[in-house]
Amino acid sequence: MPTPHINAADGAFAPAVLMPGDPRRAERIANLLMPDAEKVSDVRGIGAFTGEYNGKPLSVMASGMGQPSLSIYATELFTHYGVKRIIRVGTCGGMATSAKVGDVVVAMSAHTDSSMFNLVPGVNLAPTASWNLLSAAIAAADDSMNLHVGPVASRDRFYGNDPDGVKTLADLGTLGVEMETAALYMLAAQHNAEALTVLTVSDHLFDTSGDMTAEEREHKFEGALKLAVAAAHC
Ligand SMILES: O=P(O)(O)O[C@H]1O[C@H](CO)[C@@H](O)[C@H]1O
Ligand SMILES: O=c1cc[nH]c(=O)[nH]1
């Protein structure tokens, strides 16, 4: 039965879903991996595609931007469509000086300033990737990519973050900033599912000289996608 935000038939999703933020990146990934994929949902312009990649079922669907948007889609996929794992294929702003534009970041954990998952009074939870997916993604890495594995920050604001806070997060070893991973990891934990985020560094918070354009952010995801697919089908 359709949900308020997904108009796909029951059984229309594969157990594994690749989830970029950008709907155009989602369509591009689906076309690249599965030219015969079927479009199974299109509510609000968020296309969802299901097909087979290397003989195994796979779906691709965008999350939109930010934790509230991702939470709607991830919750409906886990609870209504039997999805068992979601792998975010996103972009991030580099925070670590070693994380250069074009590098790949696998998010082991995600700090957040969001109040969406204050589930236990007095406890700051630690949203964490699924080890199974994390280890499969890392095993698929090759010498063509500069890979970083560690914490990211999932922030509710794209603009207007306090510069001292940004510096402190960087000093604490945070690799990059984006806007969805903490919610994805918490939802996977709540629904007994698996999740991983693989990111392409699209810009750098402390050196903007090499930042990608919007078009490049839509197209440049080859390394991240390779790791994401390995996690999806591990
Ligand atoms: O490129 P995506 O996957 O959308 O990810 C990043 O880009 C958006 C902000 O420009 C946020 O969604 C952030 O998390
Ligand atoms: O959230 C994001 C994503 C990419 N780049 C940023 O600077 N922030």
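Guide: Let's start with one term: a polar contact is a pair of N or O atoms within 3.5 Å, where, within protein, one must be able to donate a hydrogen and the other to accept it. Keep in mind that the model here is predicted.

Visitor: What makes the distance between the backbone nitrogen of alanine 14 and the side chain of serine 59 fit that term?

Guide: The backbone nitrogen of alanine 14 sits 2.8 Å from a polar atom of the serine 59 side chain, and the limit is 3.5 Å, so the pair falls within it. The serine 59 side chain also makes a polar contact with the side chain of threonine 50, at 2.7 Å.

Visitor: Why is serine 59 called buried?

Guide: Buried means under 20% relative accessible area, and serine 59 comes out at 0%, so the word applies. You'll find serine 59 in strand 4, residues 56-61. Setting aside residues up to four places away in sequence, serine 59 touches several others, among them Phe13, Val17, Leu18 and Phe49.

Visitor: How do you know how far the model can be trusted, and what is the mean pLDDT of the protein?

Guide: The mean pLDDT is 97, and 100% of the residues reach 70 or more. That score is the predictor's confidence in each residue, on a scale from 0 to 100. For the complex, the predictor gives an ipTM of 0.98 and a pTM of 0.98.

Visitor: Which class does glutamate 178 belong to, buried or exposed?

Guide: Glutamate 178 has a relative accessibility of 4%. The cut-off for buried is under 20%, so glutamate 178 counts as buried. Glutamate 178 is part of strand 8, residues 176-178.

Visitor: What does the side chain of glutamate 178 make a polar contact with?

Guide: The partner is the side chain of arginine 88, at 2.9 Å. The glutamate 178 side chain also reaches the backbone nitrogen of glutamate 180, at 3.3 Å. Leaving aside neighbours within four places in sequence, glutamate 178 is in contact with residues including Thr91, Cys92, Val152 and Leu199.

Visitor: What makes arginine 24 and glutamate 218 a salt bridge?

Guide: Their closest N and O atoms are 3.3 Å apart. A salt bridge needs a side-chain nitrogen of Lys or Arg within 4 Å of a carboxyl oxygen of Asp or Glu, so the pair qualifies. The two ends lie in distant parts of the chain, 194 residues apart: arginine 24 in helix 1 and glutamate 218 in helix 6. Arg24 and Glu218 are also linked with Arg28 in a network of salt bridges.

Visitor: Which class does arginine 24 fall in, buried or exposed?

Guide: Arginine 24 has 57% relative accessibility, so it counts as exposed, the cut-off being over 50%. Glutamate 218 has 9%, so it counts as buried.

Visitor: How many salt bridges does a search of the whole structure find?

Guide: The search finds 9. One of them joins the side chains of arginine 85 and glutamate 194, at 2.9 Å from N to O. That pair spans 109 residues, from arginine 85 in strand 5 to glutamate 194 in strand 9. Another example is aspartate 113 with arginine 155, whose closest N and O atoms are 3.1 Å apart. Here both partners lie in loops, 42 residues apart along the chain.

Visitor: Why is aspartate 113 called partly exposed?

Guide: Partly exposed lies between the cut-offs of 20% and 50%, and aspartate 113 has 34%, so the label fits. Arginine 155 has 14% and therefore counts as buried.

Visitor: What makes the phi of arginine 44 worth a look?

Guide: Arginine 44 has a positive phi of about 60°, although it is not a glycine. Most residues other than glycine have a negative phi. Arginine 44 lies in the loop between strand 2 and strand 3. Asparagine 54 also has a positive phi, near 50°, and lies in the loop between strand 3 and strand 4.

Visitor: Why is asparagine 54 called exposed?

Guide: Exposed means over 50%, and asparagine 54 has 66%, so the term applies. Arginine 44 has 69% and therefore counts as exposed too.

Visitor: Which residues make the nonpolar surface patch of about 290 Å²?

Guide: The patch is made by Leu119, Val120, Val123 and Leu125. Patch residues need over 30% relative accessible area, and leucine 119 has 43%, so it clears that bar and counts as partly exposed. Leucine 119 is found in the loop between strand 6 and helix 3.

How values were computed. Residues numbered from 1 in each chain as written. Chains lettered and ligands numbered in written order. Predicted model: local features only at pLDDT ≥ 70, side-chain atom pairs only at ≥ 80, totals over all residues. Heavy atoms only, no water. Helix = DSSP H or I, 4+ residues; strand = E, 2+ residues; numbered from the N terminus. Buried < 20%, exposed > 50% of the residue type's maximum accessible area, 1.4 Å probe, protein only. Contact = heavy atoms within 4.5 Å. Patch = residues over 30% accessible without salt bridge, like charges linked within 9 Å, V, L, I, M, F, W, Y side chains within 5 Å. Areas by Shrake-Rupley, 256 points an atom, 1.4 Å probe, with all protein chains shown as cover.
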